[in-house]
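Visitor: I would love a close look at a single part of this protein, with the charged side chains in mind. Please take your time, and then place that part in the wider chain.

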Amino acid sequence: GQIVYSIAEETERGASVGNIAKDLGIDAATLSARKFRMITGSSKQYFNINASTGALSVNEPIDREQLCELKSVCLLNYELVLENPLELYRMEFKVLDINDNSPSFPLSEYHISVPEFLSPGARFTLPNAQDLDEGANSVQNYTLSPEEHFHLEMQIRGDGSKYPELVLKKALDREQQATHRLVLTAKDGGDPPKSGDVPVIVTVLDTNDNAPEFEHSVYRASILENSPSGTLVVQVHATDLDEGPNGEIRYSFSNTTSADLQRMFLVHPHTGEVTVNGVLAVQRPLLEMLIEARDNGAFGMSSTAKLLVEITDVNNHGPEITITSLSSPIPEDAVPGTVIALLSILDKDPGENGKVTCQIPDNLPFQLKPSLQNYYSLVTSELLDRELINEYNITITATDLGSPPITTQETVWVQISDVNDNPPVFSADAFDVFVEENNPLGAFIYQVSASDPDIGENGRVSYTLRNSTVAGSALTSFLSVNLANGSIYAKRAFDFEQLRSFSFQVEAKDNGSPALSAAMTVNVYISDQNDNAPAILYPTSQNGSVAVEVVPRLADEDYLVTKVVADDEDNAENAWLSYHLAHSSDSTLFQLSPHTGELRTTRSMRSTDFLKHKVVVVVRDHGDPPLSSTVTVGILLADTLPQALPDFDDSGEPPPLLNATNIYLIISLACVSLVFAAFLLFLAAVRL
């Protein structure tokens, strides 16, 4: 997860640093597809990665001194983020120093006033050169131009740092030479070495022959970084053995102390108190300054002491939460451990104040896992269900370990995308539908409805009829279903007398991939309509003739003449039959049972009763409206069954005595009688 490169500063643009794909074991061909990107806190992008080869090259030359100032180790930290899957690699670039800076002195010229009466061995502090390079490339030694009165010696302070001193090796005579011009040269340890020069002008003075001396060569102090202006840092003190103005001391910062530090602190010229002046806007934990003590002699003498100020951190920075990568929405079937987001949490405070704890609410199906330094991965901790919760607002709380602690919160919005994990659901497994027979074609039968909690195509339900047969025919010849809304329609008219009920299944299928389905059973019951008139089964007539029943002339009362038998193909009240006498040639002779259809005599037969009778029986059902059928029954009063049944006219009345046939019979009989009488007369006449 981490790789370290070393590169010399000022390396030219385009120079190769390494191959990130090879060094990290990544397939270079996948870099573009995985949307690689380099993340750094630097304002400049010093490096480039070739998306095709993974070659790492210099994009911008690095000035180590500008980037890291006086730090002994200069590091650039980068993070390489890859997606699909989400991976994070840490890259550390160690910028190596080259000897690209010459030693320099803060001032272009230094002046030293030396009383002429000083004895050889008197010492004078010389300025320190500054070299922005580090290590061996920094200032290593000093040299002084040859001069018979002076030579150079190096001194060591209590903290181990070296500084040059000008040592008087021969007494001065101002009257012979009032000014001595020297050249101080500072050399570094580079290869080749570099150097810097500064003129040192020594003016020979009379009188004041003692320089102030500090109690300590090095003063140490510690203050809080949020100390207000006016806070006392330390009080330095120096003594001068001279008397009068030559022994009066004024304190100030040495010219070698940086201007920034001179603005942050104040030195009281008389008391030597060093106080805070404004805001301590520094990132370095240790500040180094030189305090100068100079007497008020005509030719003031001075000495310096080093002041080391340690800045103690206070918890004045809250954690900073940066969402480096976020995958949203995520599918609801994501397995536990799926990475949702990559977070960078950083606190600028050092030490314990910069250590951070991070957490999210416990009632969420997510958890934070530490990744690389200062990085956390937000992963799923259990299975998700979009139908229950379709989005989460995850509040990430970062708290440092300072006192008092500072808390920062960041909310991550994660949406849950749908997968087809729910089949359609009917409100019931089966449903009964009642349909009247003789329905019109296309009549609406019933509408089934199934719900699917999924969304989009996963929740769009379509309806079909499952293949089956009804009364030997395909179901689709009887019914059709609307694909979109589940409405079922009749494709033919139903006949209760042929089909009283049937069942079929409707399938609801979503449009997911793969599709899920469910089925419900619909039971169809055909309701009867009164569309069939009663059918007379007995008595029956043939060729339109009247059915004849023979009744003995001596029949008694309640004699069963016949029983009308009928049937109705309809059902229930539509098939409940009743029997009625619509017509009778003798209403006093016959009666009909309305429930059984039995035709009986109401009295005994009389000799005066007609020989032939006709009754009309009506059979009626109880439908709405009712339907009926009639049957005509001829009744012949005879003791024996005649060889030929007489005809029954429509009226059912007995024929009159003098109808045409009787007249013909009477005439024929009269003619025969006359002929017979004539024959008898003829025989009598012959005999006589």
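Guide: Happy to. A salt bridge here means a side-chain nitrogen of Lys or Arg within 4 Å of a carboxyl oxygen of Asp or Glu, and a residue is called buried when its relative accessible area is under 20%. Please keep in mind that this is a predicted model.

With that settled, let us go to Glu437. It sits in the loop between strand S33 (430–436) and strand S34 (444–447). Glu437 is buried yet takes part in no salt bridge. Which side chain of opposite charge is nearest to Glu437? That is Arg500, at 8.7 Å, and a salt bridge needs a nitrogen and an oxygen within 4 Å, so this pair does not qualify.

What does the side chain of Glu437 reach instead? It comes to 2.8 Å from the backbone nitrogen of Phe496. Phe496 is also among the residues that Glu437 touches, leaving aside those up to four places away in sequence. That list can be read as two stretches and one further residue: Phe494, Asp495, Phe496 and Glu497; then Ile526, Ser527, Asp528, Gln529 and Asp531; and finally Asp570. Several of these neighbours are acidic, namely Asp495, Glu497, Asp528, Asp531 and Asp570.

The UniProt record, an unreviewed entry, helps to place this loop: its annotation "domain: Cadherin" covers residues 6–105, 106–214, 215–321, 322–426, 427–536 and 561–648. Glu437 falls within 427–536, where the chain is 0% helix and 47% strand and the end C-alpha atoms are 49 Å apart. For the annotated span 322–426, the corresponding values are 0% helix, 50% strand and 48 Å between the end C-alpha atoms.

Another acidic residue makes a good companion to Glu437. Asp586 lies in the loop between strand S47 (578–584) and strand S48 (590–592). Is Asp586 buried or exposed? Its relative accessible area is 17%, so it counts as buried. The side chain of Asp586 makes a polar contact of 2.6 Å with the side chain of Thr588. Setting aside residues up to four places away in sequence, Asp586 touches Arg603 and His613.

Now for charges that do pair up. How many salt bridges are counted in the model? The count comes to 19. One of them joins the side chains of Lys170 and Glu148, with N and O 3.4 Å apart. Lys170 is in the loop between strand S12 (162–168) and strand S13 (179–188), and Glu148 is in the loop between strand S10 (139–144) and strand S11 (150–156), so the pair ties together parts that are 22 residues apart in sequence. Lys170 has 40% relative accessibility and therefore counts as partly exposed; Glu148, at 48%, is partly exposed as well.

A second pair is Glu320 with Lys348, whose closest N and O atoms are 3.9 Å apart. Glu320 belongs to strand S24 (residues 320–326) while Lys348 is in the loop between strand S26 (339–346) and strand S27 (356–359), so this bridge ties together parts 28 residues apart in sequence. Glu320 is partly exposed at 40% relative accessibility, whereas Lys348, at 56%, counts as exposed.

A third pair is Arg600 with Asp558, at 3.8 Å from N to O. This one links distant parts of the chain, with Arg600 in strand S49 (residues 598–601) and Asp558 in the loop between strand S44 (547–551) and strand S45 (560–563), 42 residues apart. Arg600 is partly exposed at 22% relative accessibility, and Asp558 is partly exposed at 41%. Salt bridges also form a network, linking Arg123, Glu153 and Glu165.

The cysteines deserve a stop too. The count is 1 disulfide, and it is formed by Cys68 and Cys74, with sulfur atoms 1.8 Å apart. The link is right-handed, with 60° about the S-S bond, and both cysteines are buried. Elsewhere, Cys358 is buried with a relative accessible area of 17%, whereas Cys671 is partly exposed at 42%.

Our last stop is residues 663–686, which the unreviewed UniProt entry annotates as "transmembrane region". That span is 100% helix and 0% strand, with its end C-alpha atoms 34 Å apart.

Terms used. Residues are numbered from 1 along each chain as its sequence is written. This is a predicted model: local features need pLDDT of at least 70, side-chain atom pairs count only at pLDDT 80 or more; totals for chains, interfaces and linings use all residues. Side-chain values use heavy atoms; hydrogens and water are left out. Helices (H or I, at least four residues) and strands (E, at least two) are DSSP runs, numbered from the N terminus. Buried means under 20% relative accessible area, exposed over 50%, partly exposed in between (1.4 Å probe, protein chains only). A polar contact is a pair of N or O atoms within 3.5 Å; within protein, one must be able to donate a hydrogen and the other to accept it, and residues adjacent in sequence count only if both atoms are side-chain atoms. Contact means heavy atoms within 4.5 Å. UniProt positions are given in the numbering used here, feature names are shortened, and annotations may be inferred rather than shown by experiment. A disulfide is a pair of cysteine sulfur atoms within 2.5 Å.
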